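Visitor: I am new to this structure. Could you walk me through it?
Guide: Gladly. Here it is.

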Amino acid sequence: MAKNTESHQEETRVFKPSKEIAREAEVKSFAEYKKLHAKSLKNPEKFWAREASNLVWSKKWKKVLNWKLPYAEWFVGGQLNASENCLDRHLDGPRRNKAAIIWEGEPGDKMTLTYQQLHREVCVFANILKRNGVKKGDRVLIYMPLIPEAVIAMLGCARIGAVHTVVFGGFSSDSIKDRLADSGAKIVVTADAGYRRGQIVTIKQNVDHALAGSTEVKRVIVAKRTDIEVNIQEDRDVWWHQEAQYVSADCPAVPVDSEHPLFILYTSGSTGKPKGILHTTGGYMVGTAATSRYIFDFKENDIYWCTADVGWITGHSYLVYGPLANGTTCMLYEGAPNWPEPDRFWKIIAEQRVTILYTAPTAIRAFMKWGDDWPKKHDLSSLRLLGSVGEPINPEAWMWYHKMIGAGRCPIMDTWWQTETGAILISPLPGATPLKPGTATLPFFGVDAAIVDDKGKELPHGESGKLVIRKPWPSMLRTIYGDKARYIKTYWSEVKGCYFTGDGARRDKDGYFWIVGRIDDVLNVAGHRLGTAEVESAIVGHDSAAEAAVVGRPDEIKGQGVVAFVVLKEGHAASKELAEKIRSHVAKAIGPIAKPDEIRFAEALPKTRSGKIMRRLLKQIAAGVQITGDTTTLEDLSVLTRLSKNGE
Ligand code: WTA
């Protein structure tokens, strides 16, 4: 990457941890963090082994790490069970009757499950899985709204060593179909429907469409959420609540090898096909349990709310495995933040006395837009810690979050990580790290993060380059399911000997990491990753489109918006109606989050002489800025002039 020539205004506001928080926190000062971090880098295995001993193991590991680049094995020879670590071990003491999940549905219905109750439900569900033929190692696809059953289904799989692959409930039938084919799952767990913005989302119907003509999927287990009628296919579909009558609530957790797969989660990359990120049991549990404890600083009476859906990695690591492994009470809310009014979050916080809120910058920016009156209507004084994840948080949104939601009292943990990293890798610690709005600050213990140039040389502070991780960490992905070659190429070929994150970043004079954004062709729309190629291939799947190029452009709320340049086939004429049809087509193919904000019809796309689309130019056109930089490799210069005029 070229040396950064843009001028970055240095952020000068610094927020030091308060004495009260520092006194109670796991790490109590910046000096202590620095010392521990330096020590952990000298011997990461020692640090992680100590963290691992906080979990329950059926068999202790023989070796902390086997590292043969790019393949890591952690806690080799050890055996454990993720659901036992999230549930059973809390049952012997006072946590038995503590709330594990406080759930609220969008229409306002509520349910609380104590650790004991959650344990029982998970055992019942694990037995339902067994009754329906699921064995250790089998893949189970979960496609559900955000109801307690989604968490129960995940933990139920983990309990018997089955591998879950959760597909976000907002994704389309086609997305389910692709993930079924790639993962080889033969069983689907779903619900009749869910609620979103007052509407019924026809979850089961999407599954039916995805399964039309399939002979691979033998069983669909359906949780009942609403009263709507759904199609139940006699020989294939069963109701969860009916199956529950046939099984016992006794299901011992099956100890699995530390490296036994826990889940596959699909995420976007720079080609059209989503990648099945594979995480295994031991390392993932150690990583998520340790980071949640240090970063969210859990106390026994916390009510912790991570607003992510279980369909994303944040939902896996910081709504399910990390907090439950720590015996924390987790808030779960099914619906939209602005339903029925834009103060739903603040109402929930006030009613439930939530103490920790972990949400995304896109939500914070939307709240800012809706106005200060909404949060001001509610008593948010229970909050003591805030978190942010998914994309860089702009300093303005950070300040608003700090002042309006945290009343200047709550530190903000801006956590950088990825589906692939499994757990948070760069983040402040609440009692230790002085905060600056807009930066995820410094690496977690045992994490060796660096900014390097194209050749892998570490860059001096102030210069932008590629963000890499130089040492393995326990919760790292193990491979891309079924595609080793892509695993090696995507993560381990860009910079020799290092894990390449795909992000560009720089460090300031204090060594803090500022994430600039993705270097590859991945967009970050409302905190959700979308591959440009994925959207492009959906567009050319429409009859009228010959060619498409998709780029991001800055968007006030979503961080990035999606702009698609489309070249039509002969015989099709550009029109508003056609643009609308293509947008709906993308929503159907991937899901509403991928719907382009704008379609620009073009006669041709700017290409290099070797036929590569020049995205850099398209980005500038989409953002409406003057085209700068080298255009000498462009094959047909007139394309540019025509593109710029188009759509104005
Ligand atoms: C971006 C989400 C800046 C980044 C956990 C990363 C962030 C991608 C932050 C991963 C943050 C996530 N500051 N950028 N605090 N958190 N990102 O896989 O570009 O959905 O590579 O995981 O989101 O997105 P993913």
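**Ligand, sheet and loops**

Visitor: Which residue has a polar backbone atom 3.4 Å from a nitrogen atom of the ligand?
Guide: This is a predicted model: local features need pLDDT of at least 70, side-chain atom pairs count only at pLDDT 80 or more, and totals for chains, interfaces and linings use all residues. Residues are numbered from 1 along each chain as its sequence is written, and side-chain values use heavy atoms, without hydrogens and water. A polar contact is a pair of N or O atoms within 3.5 Å; within protein, one must be able to donate a hydrogen and the other to accept it, and residues adjacent in sequence count only if both atoms are side-chain atoms. The residue with its backbone atom 3.4 Å from the ligand nitrogen is Pro392.

Visitor: How far is an oxygen atom of the ligand from an N or O atom in the side chain of Arg518?
Guide: Here the contact on the protein side comes from a side chain, that of Arg518. The distance is 2.9 Å.

Visitor: How much of the ligand's accessible area does the protein cover?
Guide: On its own, the ligand has 530 Å² of accessible area (Shrake-Rupley method, 1.4 Å probe; for residues, only the protein chains shown count as cover). The protein's share of cover is 96%.

Visitor: In what order do the 4 strands of the open sheet stand?
Guide: Strands are DSSP runs of E, at least two residues; helices are runs of H or I, at least four; both are numbered from the N terminus. Two strands pair if DSSP finds at least two bridges between them. The pairing in this sheet is antiparallel. The order is β21-β22-β24-β25.

Visitor: Why is one side of β21 and of β25 left without a neighbour in the sheet?
Guide: β21 (449–452) and β25 stand at the edges. One side of each is left without a neighbour because each has a single partner strand.

Visitor: What is the bridge partner of Ala449 in β22?
Guide: β21 and β22 (residues 465–469) pair in the antiparallel sense over 4 bridges. In β22, the partner of Ala449 is Ile469.

Visitor: Is Thr441 buried or exposed?
Guide: Thr441 lies in the loop between β20 and β21. Its phi is positive, about 65 degrees, although Thr441 is not a glycine. Buried means under 20% relative accessible area, exposed over 50%, partly exposed in between (1.4 Å probe, protein chains only). With a relative accessible area of 0%, Thr441 is buried.
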